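Here's a quick tour of a single-chain model, with an eye on charges and aromatic rings. Have the coordinates open while you read.

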Amino acid sequence: MIAIALVLAGVTLLFLLAALEARWLHAQPWSTAVWTEEVDIASDEAINAWSRTLTIEQSLGDSVVVKLIQEDMVRESRRLSARPGRSANPLDTKSLLNLDFLPRASLLMLDLAPSRLEPVLASGRLPVAGAREVLAGPLLSGRDVVLDGQTFKVTGQLSPQASGFNKVYVIPMDPALEPHFLPALGGTKGRFIADTRGRLETLIPELFDPALESLPKVHGGPVQTRPYIAWGIWLALLMVAVGSSTLMLEICRRLSRLPVPVLSHAMQEVVLRPRLIGALLLIFFGGFFGAMALGLADTELNYFFTQYASHEFTEGGLKYVGDAYDSGDISRAAHATFFNNFVMQTLLLSSVASLIPPFFAGLVKIMLSFVVVGFAMAPLWTETAAGMTYHAVTLGLELPPYVLTGFGAAVWLQYIWGFLWSPVRVWYLGDKAVGQPIVDDAARLLPRGLLVLTGCTAVSAVFLYVAAWYEAVTLISFR
């Protein structure tokens with residue numbers, strides 16, 4: 001009952017945070033703004049907007065980590081491109097070194113006076129009309145921007161609640177600057193509107209046209225939420241994690257009484273080793289929530305990482321999962337999710353990997369997965385609380401089974417290393433080892449360790465299959 005109460009309390013807290021966030025966000029200027037590239041907006045409120053994509057080097061903010069990562073990737077990509085016999089762009093879209101997914105900043109000139117930017121000025125001062133002065137988006141640095149040999153001075157920073165401006169330098173209209181936005185230089189002309197609340201489908205119908213093969217270039221979406229809401233979501237997810245893990249342990253205790261050989265062996269080990277399963281829960285979830293806290297502390301790094309994650313689901317190795325959800329077919333989406341979460345991530349990369357020397361690769365993989373997913377899910381952005389009201393249950397169904405698989409891998413690791421170490425123990429004990437079946441006893445434990453790993457993996461499969469269907473139904477129904 002306590003476990004279920006914790007889960008319900010966490011979900012209730014998410015509902016409360018979502019309501020508070022919606023009320024706060026409604027009062028924020030430009031929180032539903034969008035700007036487009038070569039796409040019209042059907043409204044008299046829309047104004048002209050000229051934009052130009054900047055280089056990777058010009059797109060950096062103040063995060064030292066992001067700067068190091070991008071510089072290293074660019075350097076390695078150029079080194080590979082310079083090899084004899086290589087084409088100018090040797091990297092395909094699935095390569096980690098593909099630079100297309102790196103966040104690029106834009107220089108955006110809006111057809112409005114500098115004074116109209118005051119509602120979204122977070123710090124500094126407004127640009128002077130007719131001068132090469134710009135406002136930087138919240139994830140950009142205050143360094144001056146050099147473009148076509150001209151220097152654009154940053155005079156202030158835009159509000160984190162201005163939609164579509166995370167990586168944008170904004171400049172008021174100046175006819176003298178239009179040559180910087182010529183098509184030959186990569187410039188485009190689009191439209192901007194400050195308020196699309198409740199009418200985006202009417203304003204930009206192309207964005208919702210299923211017949212289009214590629215989405216039009218429309219910039220906007222969730223903005224940065226308030227810190228207390230972000231940390232409230234963190235706490236709510238922690239409550240769900242603790243509750244769902246406690247519930248899983250209770251289910252394991254009940255399964256241990258069933259007369260099913262492989263299943264009972266595995267579940268009995270869970271019951272008999274509370275310290276081990278408790279330590280693994282603490283370590284794995286500590287990595288998950290610690291990484292999430294790190295993501296909250298470094299917004300630019302989190303933004304960078306989520307861009308890569310999005311690339312993986314649209315063009316990278318997980319494209320088949322993204323395509324399944326885009327199709328709207330719940331069954332296809334559920335089975336694609338299960339294939340990735342269980343067959344690939346759990347069975348092959350965790351359980352089977354644990355059978356290969358040095359036998360701890362599965363545990364390392366699970367830990368890395370918890371850290372990566374936790375960091376990517378840092379609740380920095382608006383609408384996260386609302387989405388988590390149902391997706392938190394998905395996490396409660398998915399994460400504990402990974403820990404259970406890790407438990408099986410840990411037991412197997414103990415037994416296999418005990419067997420491999422047993423001859424050394426015999427040698428070390430010398431005459432004291434006479435008559436002691438040290439090697440035989442260690443060998444007899446190997447089948448049990450294998451059964452524990454197999455049983456834990458099988459139980460995880462059931463949990464993950466249920467989670468896959470729940471995730472497919474909720475994401476497709478509520479998107």
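Of the 479 residues in the chain, 49% count as buried. Keep in mind that this is a predicted model. The accessible surface adds up to about 23,200 Å², and carbon and sulfur atoms hold 64% of that. On the secondary-structure side, you get 12 helices and 10 strands. Take the contacts with a separation of 6 or more, and 80% of them turn out to be between residues 24 or more positions apart.

**A buried acid**

Let's start with Glu21, which sits in helix 1 (residues 2–26). What does a buried Glu21 have for a partner of opposite charge? There is no salt bridge here, and the nearest side chain of opposite charge, Arg226, is 9.2 Å away. What the Glu21 side chain does have is a polar contact with the side chain of Thr225, at 2.6 Å. Beyond its neighbours within four places in sequence, Glu21 is in contact with Thr225 and Ile229, and also with Trp381, Thr382, Glu383 and Thr384. If you care about protonation states, those are the surroundings to look at.

**Salt bridges**

How many salt bridges are there in the model? The count comes to 10. Here are three of them:

| Pair | Closest N to O distance |
|---|---|
| Arg191 and Asp40 | 3.5 Å |
| Asp148 and Arg52 | 2.6 Å |
| Arg125 and Glu133 | 3.0 Å |

The Arg191 and Asp40 salt bridge links distant parts of the chain, 151 residues apart: Arg191 is in strand 9 (residues 187–193), while Asp40 is in the loop between strand 1 (34–36) and strand 2 (47–53). The salt bridge of Asp148 with Arg52 also links distant parts, with the two positions 96 residues apart: Asp148 is in the loop between strand 6 (145–147) and strand 7 (150–158), and Arg52 is in strand 2.

How about exposure? Asp148 is partly exposed, at a relative accessible area of 38%, whereas Arg52 is buried at 10%. For the third pair in the table, Arg125 is partly exposed at 37% and Glu133 is buried at 11%. So in each of these two pairs, a partly exposed side chain meets a buried one: Asp148 with Arg52, and Arg125 with Glu133.

There's also a network of salt bridges, and its members are Glu250, Arg253 and Arg254.

**Aromatic rings**

The structure holds 18 aromatic pairs. In one of them, the rings of Phe285 and Phe370 have centres 5.5 Å apart and planes at 85°, which makes the pair edge-to-face because the angle is over 60 degrees. Phe285 lies in helix 6 (residues 274–297) and Phe370 in helix 10 (residues 361–376), so this pair ties together parts that are 85 residues apart in sequence.

Phe370 pairs with Phe288 too, again edge-to-face, at 6.3 Å centre to centre and 75° between the planes. Phe288 belongs to helix 6 and Phe370 to helix 10, so here the parts tied together are 82 residues apart. Are these rings buried or exposed? Both Phe285 and Phe370 are buried, with Phe370 at 2% relative accessibility. Phe288 is buried as well, at 1%.

Which residues make up the aromatic cluster around here? Phe285, Phe288 and Phe370 form one cluster together with Trp231, Trp234, Phe284, Phe289 and Tyr402.

Methods:
Residues numbered from 1 in each chain as written. Predicted model: local features only at pLDDT ≥ 70, side-chain atom pairs only at ≥ 80, totals over all residues. Heavy atoms only, no water. Helix = DSSP H or I, 4+ residues; strand = E, 2+ residues; numbered from the N terminus. Buried < 20%, exposed > 50% of the residue type's maximum accessible area, 1.4 Å probe, protein only. Contact = heavy atoms within 4.5 Å. Areas by Shrake-Rupley, 256 points an atom, 1.4 Å probe, with all protein chains shown as cover. Lys, Arg positive; Asp, Glu negative; His and termini not counted. Salt bridge = Lys/Arg side-chain N within 4 Å of Asp/Glu carboxyl O. Polar contact = N/O pair within 3.5 Å; in protein donor to acceptor, adjacent residues only side chain to side chain. Phe/Tyr/Trp six-rings, centres within 6.5 Å; stacked < 30°, edge-to-face > 60°.
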